[in-house]
Amino acid sequence: MANNLFINHDNLQSLILQIVVLLNMLHFESVNDIRSACNLPPAEHPLISLIAGLKTCPFDGKEFTTNCYMISYKKFLSGVMLYGRTSYDHSNGCLSFIKPRQVMQFNHLDLEEDNFTICIHQDFLIGHHLYNDIEKYSFFDYEVSEALHLSPKEEQTIWELFHKIESEYNNNLDQYSQDIMLTHIDSILKYASRYYNRQFINRMVSSGKTVSKFNEVLALFFEDGILHNISLPSVAQIAERLNMSRPYLSDLLKKETGKTAIQLIHLSLIKEAKNRLRNQGQNISQIAYQLGFDNLSYFSRLFKKETGLSPIEFKKQLEK
């Protein structure tokens, strides 16, 4: 029993490091906490805040999280913005979308005056369809390097919507104010979806077909023979090799092929399985294991779903 009181030295060091990180990280519970840190007066509404024209970040160099969804339009003059594991220092005007409890950090940030941030506490969405619908906007999970870069006309549209929210926000708030502001925020999100589709098309033209690069990475998994050690390849693993976030890669592939990333992985696995089944020296369980399947029945179900035949039926068909 006494041995259970002792903690492994490495685990203790890791625990101490986690505590230090948590103690050093800022967390803003409310929109007014954010405004206070920016040396701004309290918000007109306790659950939504509009911040415009902020040129520097008062909590520079510190990691922070919030309980808010944040929609920001910014042009960087200098400095770096850290979002998740990605640093960002692009000078073009762009929209970025941040979800609650996402880790952020600004280092030596200097912005052009034409910028805004809409801070929406998650409780502000209660009772509105956005409470559920906001989850469908996958760009809240994008890395900031995959922010939305706006054309001049798109920029004008977004600013017009912001000014409508601003007008309502600065008006005498009443029972209609929440719905009116959320309606305009919903419009920003819908326009952002449209503009991201345009950006996906532009990106495909400028950088080549994403699906080709996706398949190249998958082929490396097969060639290296590492699948039996790491199990099935995941979308996250491939996205990391392509220097993209998982949701952004999935959206690009869906736009380009009509199929999700996981569907494309399954198709590639079954294509490779069919190729290996033609090799008479390997049995079905060996092939499934080599391709990262821990469960033979799962491999068989997936194979039949994609080909209409079980692996045994496919192999027998080859022997005819």
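## A tour from helix α10 to the sheet

Glutamate 272 is buried, with a relative accessible area of 18%. Select it to begin; the model on screen is a predicted one. Now add arginine 276, whose side chain meets that of glutamate 272 in a salt bridge, at 2.9 Å from N to O. Arginine 276 is buried as well, at a relative accessible area of 15%. Both residues belong to helix α10, and because they are 4 residues apart there, about one helical turn separates them.

**Stop 2: α10 and its neighbours**

Widen the selection to α10 (261–277) and add α12 (296–307). The axes of these two helices are 10 Å apart, and the helices pack at an angle of about 100 degrees. That makes α10 and α12 roughly perpendicular to each other. To see where they touch, show the side chains of His266, Leu267, Ile270, Ala273, Lys274 and Leu277 in α10. Across from this group, α12 contributes Tyr298, Phe299, Leu302, Phe303, Glu306 and Thr307.

Next, select helix α13, residues 311–319. Which residues of α13 are buried? They are Pro311, Phe314 and Lys315. Looking down the axis of α13, you will find its buried residues within an arc of 95 degrees, so they line one face of the helix. The cover over these residues includes α10, α12 and also α11 (284–290).

**Stop 3: the other salt bridges**

The pair in α10 belongs to a set: the structure holds 3 salt bridges. Side chains of opposite charge can pair when their charged atoms come close.

For another one, go to helix α5 and select aspartate 186 and lysine 190, which are 4 residues apart and thus separated by about one helical turn. Their closest N and O atoms are 2.7 Å apart, and the two form a salt bridge. Aspartate 186 counts as buried at 9% relative accessibility, whereas lysine 190 is partly exposed, with a relative accessible area of 46%.

Stay with α5 and select arginine 198, then glutamate 154. These two form a salt bridge in which the closest N and O atoms are 2.5 Å apart. Arginine 198 lies in α5 (residues 177–207) and glutamate 154 in helix α4, so this pair ties together parts that are 44 residues apart in sequence. Arginine 198 is partly exposed at 25% relative accessibility, while glutamate 154 is buried at 9%.

**Stop 4: from α4 to the sheet**

Glutamate 154 leads to the rest of α4. Select residues 152–169: this helix lies across β2, β4, β7, β9 and β10 and runs at about 125 degrees to β2.

Hide the helix and show those strands. In what order do the 5 strands of the open sheet lie? The order is β2-β9-β4-β7-β10, and the pairing is antiparallel. Strands β2 (48–52) and β10 (148–149) are the edges, each pairing on one side only.

Start from the β2 edge. Strand β2 runs antiparallel to β9 (residues 116–121), and 5 bridges join the two. To locate one of these bridges, select alanine 52 and its partner in β9, phenylalanine 116.

Move on to β4 (68–74) and β7 (94–98). Here too the pairing is antiparallel, over 5 bridges. Tyrosine 73 has leucine 95 of β7 as its bridge partner. Leucine 95 also has a bridge partner in β10, leucine 148. In total, 2 bridges join β7 to β10, and these strands run antiparallel.

Keep β7 selected and show its side chains. In a regular strand the side chains alternate between the two faces of the sheet. On one side of β7 are Cys94, Ser96 and Ile98, and on the other are Leu95 and Phe97; both faces are covered, and these residues are all buried. The strand is mostly covered, with 5 of its 5 residues buried.

**Stop 5: two asparagines in loops**

Most residues other than glycine have a negative phi, and most peptide bonds are trans. Two asparagines are worth selecting with this in mind.

Asparagine 39 sits in the loop between α2 (31–37) and β2. Its phi is positive, about 60 degrees, although asparagine 39 is not a glycine. Is asparagine 39 buried or exposed? Asparagine 39 is exposed, with a relative accessible area of 67%.

Finish at asparagine 243, in the loop between α8 (235–241) and α9 (246–257). Asparagine 243 has a positive phi near 60 degrees, and at 67% relative accessibility it counts as exposed.

Conventions: Residues are numbered from 1 along each chain as its sequence is written. This is a predicted model: local features need pLDDT of at least 70, side-chain atom pairs count only at pLDDT 80 or more; totals for chains, interfaces and linings use all residues. Side-chain values use heavy atoms; hydrogens and water are left out. Two strands pair if DSSP finds at least two bridges between them. Contact means heavy atoms within 4.5 Å. Axes are lines fitted to C-alpha atoms, for helices over the stretch in contact, and angles run from 0 to 180 degrees between N-to-C directions. Buried means under 20% relative accessible area, exposed over 50%, partly exposed in between (1.4 Å probe, protein chains only). The arc is that of the directions from the helix axis to the C-beta atoms. A salt bridge is a side-chain nitrogen of Lys or Arg within 4 Å of a carboxyl oxygen of Asp or Glu. Angles under 35 degrees count as roughly parallel, over 145 as roughly antiparallel, 65 to 115 as roughly perpendicular and the rest as oblique.
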